[in-house]
Amino acid sequence: MTQAPVSPDSGPDDDPARRADEPGGGAQSDAPAPGESGGGGVQPDPEEFPGAGWGELPPPAEDCLTEDEWVAWLAAMPDEEDPGLVPGEEPDPEDPSPAARRPRSPRPGRGSRAPAGVPRAVPSGRRGPGEPGSARRIPGESPGPCGAFATGQVLDVAPGGGALHGLAEHAAGPGDRFAGASDDELIGVLCALDRAEASAAALKYAAVAELIRRRPEPGAALAGAARMPVVWEEFTETELTDALAETRWQAEAMLALAHDLETKLPGTKAAFRAGVLRQSKVAIIAAAVTALDPAEARAAEAMVLDRAGRLTPGGLRAAIVRAVMEVAPEKARKRREEAGRSARVQRWLEDSGNAALMGRELPPAEVLAADQRITWWAGRLKAAGLDGDMDQLRARAYLDILLNKDSRPTTTPAQDGQDRTAPGPAGGGPGGPDGSGPGGPDDRGDGGSGPCDPDGPGIPPTASVLPAGFAGRLHLTIPLATLLDLAERPGEIAGLGPVDPALARDLAGAAAANPKTTYCLSVTDEHGHAIGHGCARPEPKSHARPARRDKPARPSGHAPPGGHAPPGGHAPPGRTGDGDRPRFAFTASGEHGPPGGYGSWRLSTGQPSQRDLLITMDPIALETCDHRFEARGHDPGVKLRHLAQIRHATCVAPTCRRPAGNCDFEHNTPYEAGGRSCLCNGGPTCRHDHRLKQHPKWKVEQITPGTFLRTAPSGRQYTTEPTRYPI
């Protein structure tokens with residue numbers, strides 16, 4: 001018989017590029033030679049049509065028709081109806097009945113035959129190499145076993161659960177080696193398993209909740225939509241302890257968390273079950289809302305759930321604590337004060353054989369002062385030549401201060417240039433045994449009567465919020481409305497976290513008593529991002545006016561001043577004997593601010609001996625930049641560096657929480673490569689992330705002045721937004 005030309009298209013069920021070593025491939029010698037009767041045409045996949053003798057014809061080297069001839073032949077094909085089966089062709093049982101078929105163009109090779117000598121037409125929905133259904137895989141393009149886990153694909157965004165775990169386990173393949181998976185797909189599988197693990201843990205806590213329902217305390221009714229008892233039987237935790245081989249403390253914690261998820265935190269429960277939040281983050285949220293009733297707890301969780309999955313544990317803890325303080329400030333204050341009554345020092349043996357010593361539930365201001373004193377003395381130890389990194393030196397300084405020791409290497413005064421008769425670090429200052437040494441550098445009698453230490457950092461790490469002269473060496477962020485007693489919004493201390501409104505006012509009031517305290521003011525948008533900032537400067541003496549201590553009149557400016565007593569009767573330190581106290585006031589200065597800025601303002605601390613402060617508000621570049629603060633050289637200078645640290649209060653890396661003050665100003669595009677020293681080309685970056693940025697497999701882009709985009713070697717991308725301040 002005459003052999004018709006072989007079509008360049010192998011049909012929808014065949015792969016023209018299949019090799020002998022691929023599924024369905026056959027040795028070249030098994031294929032019928034041209035001119036032989038080998039069943040006609042290219043053979044189907046033997047996995048679909050098993051049987052002996054199936055082979056494959058090699059594709060022709062060139063097309064026998066020109067492009068115009070192809071177009072003419074296709075135009076001649078009828079479109080009105082399906083010509084049906086050719087004689088001898090069996091119907092496909094999966095085909096719809098003739099009445100249900102839609103009119104369509106004939107498909108050469110199925111339902112029709114091209115005239116002799118005319119190749120079959122190329123169908124539009126073919127399965128080619130690397131496409132779904134093809135046995136051939138193209139690295140980097142083919143949807144392999146892990147393809148659905150790639151960025152944005154269906155399993156990359158699927159909620160956690162048993163099905164997702166099963167698909168991930170299937171993708172792992174033999175030996176759990178994830179053969180054929182790209183880096184992006186492998187990270188997708190990892191994230192999917194994290195969601196599946198969280199979902200499984202959520203189901204376990206749902207089972208614990210059901211156990212609580214079945215073990216109510218006698219007389220305790222099932223209440224609420226969750227039908228949970230308020231109290232469960234005394235020995236329910238023992239039942240869990242025996243079943244899971246856990247401690248009673250851990251079993252009780254499991255019962256409490258399961259109860260809170262059912263009664264207080266429905267949104268957190270749903271996110272837990274979907275795998276958005278893992279168990280450790282769920283526990284952080286539940287611990288923060290312990291003192292709240294169900295309605296307050298739901299209000300607090302609603303303020304963080306939209307971004308809780310993207311936050312680190314430390315970031316989530318700060319966010320939910322801030323939300324709790326905003327929803328129920330009085331309960332937050334009472335919780336802090338009650339917990340302070342259980343202050344304690346704990347010691348234990350480390351696994352290494354060393355020991356640990358830790359203070360718990362201590363006053364925040366004193367902890368900050370103690371921490372500053374430890375860092376100061378560690379610096380002195382380093383300057384004296386003591387070996388060790390800063391962590392080791394701080395640990396040594398911690399013990400020196402507690403034990404009234406001096407661990408500096410013994411040298412003569414001529415060798416170190418110091419008067420060794422000066423007292424050690426524990427001499428004087430708050431908690432000093434004899435009150436005779438410096439309370440830190442530049443000591444002015446806040447906690448000791450000894451002389452100043454000439455080598456100190458310049459501001460004494462004072463120990464208490466209450467003594468007058470508390471130096472604002474800490475970075476305290478407090479909403480202006482809270483400072484003026486007009487609202488109850490939480491503040492925040494850099495390196496420590498959120499503080500309730502009462503404590504924030506106490507710290508601000510105590511810091512105001514020290515003339516060395518400096519003030520800055522930031523304007524935020526509705527998300528808490530800083531869009532304007534100004535640093536206060538004393539009003540010129542020629543224009544100074546006495547600080548007012550009476551209640552000022554409300555001005556017509558944008559920010560009303562304070563004047564009434566804070567809720568709850570918690571007045572900041574500095575109260576005079578007649579019951580009056582210094583009050584902060586904030587008014588318009590009457591001067592024009594910078595172009596595009598937010599005006600010029602006057603801040604009064606209420607201290608009789610201090611002049612008012614003037615604040616000019618400059619804009620901070622978030623979306624666009626006019627380069628007004630661009631530095632001429634590589635060094636950003638004081639103002640540019642400060643504005644960058646206000647915009648991003650921590651390192652600009654997605655998960656780094658190192659304070660911006662401990663970071664370098666990093667040019668995103670290197671200065672040597674033409675990058676500007678400007679807000680649109682830099683931000684605070686810690687040394688670790690600085691080295692990461694230089695790595696050739698990583699990429700960091702500043703897509704807007706305030707937004708950074710980091711691309712990992714896998715191709716996954718992570719975004720950092722500006723810091724969200726309390727609003």
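Guide: Contact here means that heavy atoms lie within 4.5 Å of each other, and the model we are looking at is a predicted one.

Visitor: Which residues does Arg-213 touch, not counting residues up to four places away in sequence?

Guide: Arg-213, whose place is in helix α3 (residues 183-214), touches Leu-222, Ala-226, Arg-227, Met-228, Pro-229 and Glu-262 when residues up to four places away in sequence are not counted.

Visitor: What makes the link between the side chains of Arg-213 and Glu-262 a polar contact?

Guide: The side chains of Arg-213 and Glu-262 are joined at 3.1 Å, and a polar contact needs a pair of N or O atoms within 3.5 Å, so the value of 3.1 Å meets that cut-off and the name applies.

Visitor: Why is Tyr-519 called buried?

Guide: Buried means under 20% relative accessible area, and Tyr-519 has a relative accessibility of 14%, so Tyr-519 counts as buried. The relative accessible area of Phe-584 is 8%, and therefore Phe-584 is buried by that cut-off too.

Visitor: Why is the aromatic pair of Tyr-519 and Phe-584 called edge-to-face?

Guide: The ring centres of Tyr-519 and Phe-584 are 6.3 Å apart and their planes stand at 70 degrees; because rings pair when their centres lie within 6.5 Å, and planes over 60 degrees apart count as edge-to-face, this pair earns the name.

Visitor: What does the pair of Tyr-519 and Phe-584 tie together?

Guide: Tyr-519 lies in the loop between α15 (501-512) and β8, while Phe-584 lies in the loop between β10 (537-538) and β11 (585-588), so the pair ties together parts that are 65 residues apart in sequence.

Visitor: Why is the pair of Phe-586 and Trp-601 called stacked?

Guide: The planes of Phe-586 and Trp-601 are 15 degrees apart, with 5.0 Å from centre to centre; since the centres must lie within 6.5 Å and planes under 30 degrees apart count as stacked, both values fit. Phe-586 lies in strand β11 and Trp-601 in strand β12 (residues 600-604), so this pair ties together parts that are 15 residues apart in sequence.

Visitor: How do you know that strands β8 and β9 pair?

Guide: Two strands pair if at least two bridges are found between them, and five bridges join β8 (residues 520-524) to β9, which run antiparallel, so β8 and β9 qualify. One of the bridge partners is Gly-532 in β9, which stands across from Val-523.

Conventions:
Residues are numbered from 1 along each chain as its sequence is written. This is a predicted model: local features need pLDDT of at least 70, side-chain atom pairs count only at pLDDT 80 or more; totals for chains, interfaces and linings use all residues. Side-chain values use heavy atoms; hydrogens and water are left out. Helices (H or I, at least four residues) and strands (E, at least two) are DSSP runs, numbered from the N terminus. A polar contact is a pair of N or O atoms within 3.5 Å; within protein, one must be able to donate a hydrogen and the other to accept it, and residues adjacent in sequence count only if both atoms are side-chain atoms. Rings of Phe, Tyr and Trp (its six-membered ring) pair if their centres lie within 6.5 Å; planes under 30 degrees apart count as stacked, over 60 as edge-to-face and the rest as tilted. Buried means under 20% relative accessible area, exposed over 50%, partly exposed in between (1.4 Å probe, protein chains only).
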